[in-house]
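Me: I would like to understand how the labels given to a model are justified. Could you go through them with me, setting each value against its definition?

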Amino acid sequence: MNRDEAIKRFHGGDDTFAELIDDSRPVELPAPDTDVPMVSRSVRLPVDTYERVRAAAEARGIGVTTLMRQWIEAGLADLDDSATVSLADVRRALASLSRPTAA
C-alpha cells in the first residue's frame, strides 16, 4: 500500500491500521530512574565533550542524562547559600585538606 492509499483508508475510517497495532507484540519500556515528573530539554554539546560525559557516566554505571542531571543539581546547590551539608562531608573535606600532597 502506498502513502496516498494509506491516507485515504485512514481518513475513510478503515480499521486496517488498528488491526496492525493490535496484532503487534507488547514492548517493554525502560523504567524511569525517578518518580519525579521530568521535563525533557535538548542540549547541544561538542562531540568530544559528549564523549567525555558518556565515559564518566559509564564509569559510574549510570546513564548520561542521569549524570548530567546530577551535575546540574550540584551546580545549583553551589548557588544556594541556604543549602546544608552533612557534617560527615565537612569532616571529609577538612581531612583531605590536611593531607600532605606529593610533590
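**Salt bridges and their surroundings**

Reply: By the rule that a salt bridge is a side-chain nitrogen of Lys or Arg within 4 Å of a carboxyl oxygen of Asp or Glu, the count comes to three salt bridges. This is a predicted model, in which local features need pLDDT of at least 70 and side-chain atom pairs count only at pLDDT 80 or more, while totals for chains, interfaces and linings use all residues. Residues are numbered from 1 along each chain as its sequence is written, and side-chain values use heavy atoms, with hydrogens and water left out.

Me: What makes the contact between Glu51 and Arg54 a salt bridge?

Reply: The N to O distance between the side chains of Glu51 and Arg54 is 2.9 Å, and the rule asks for within 4 Å, so the pair qualifies. Both residues lie in helix H3, three residues apart, about one turn of the helix; a helix here is a DSSP run of H or I with at least four residues, numbered from the N terminus.

Me: Which residues are linked with Glu51 in a network of salt bridges?

Reply: Glu51, Arg54 and Glu58 form that network, since Arg54 also meets Glu58 in a salt bridge at 3.2 Å, N to O. Arg54 and Glu58 are four residues apart in helix H3, again about one turn.

Me: Why is Arg92 called exposed, and what is Asp89 called?

Reply: Exposed means over 50% relative accessible area, buried under 20%, and partly exposed in between, with a 1.4 Å probe and protein chains only. Arg92 has 53%, so Arg92 counts as exposed, whereas Asp89, with 39%, is partly exposed. The two form a salt bridge, their closest N and O atoms being 2.3 Å apart, and they are separated by about one helical turn because they stand three residues apart in helix H5 (residues 87–98).

Me: How do you know how far to trust helix H3?

Reply: The predictor's confidence in each residue, pLDDT, runs from 0 to 100. Confidence is highest in helix H3 (residues 47–60), at a mean of 96, and lowest in helix H2 (residues 16–22), at 65. For the protein the mean pLDDT is 82, and 84% of its residues reach 70 or more.

Notes:
Helices (H or I, at least four residues) and strands (E, at least two) are DSSP runs, numbered from the N terminus.
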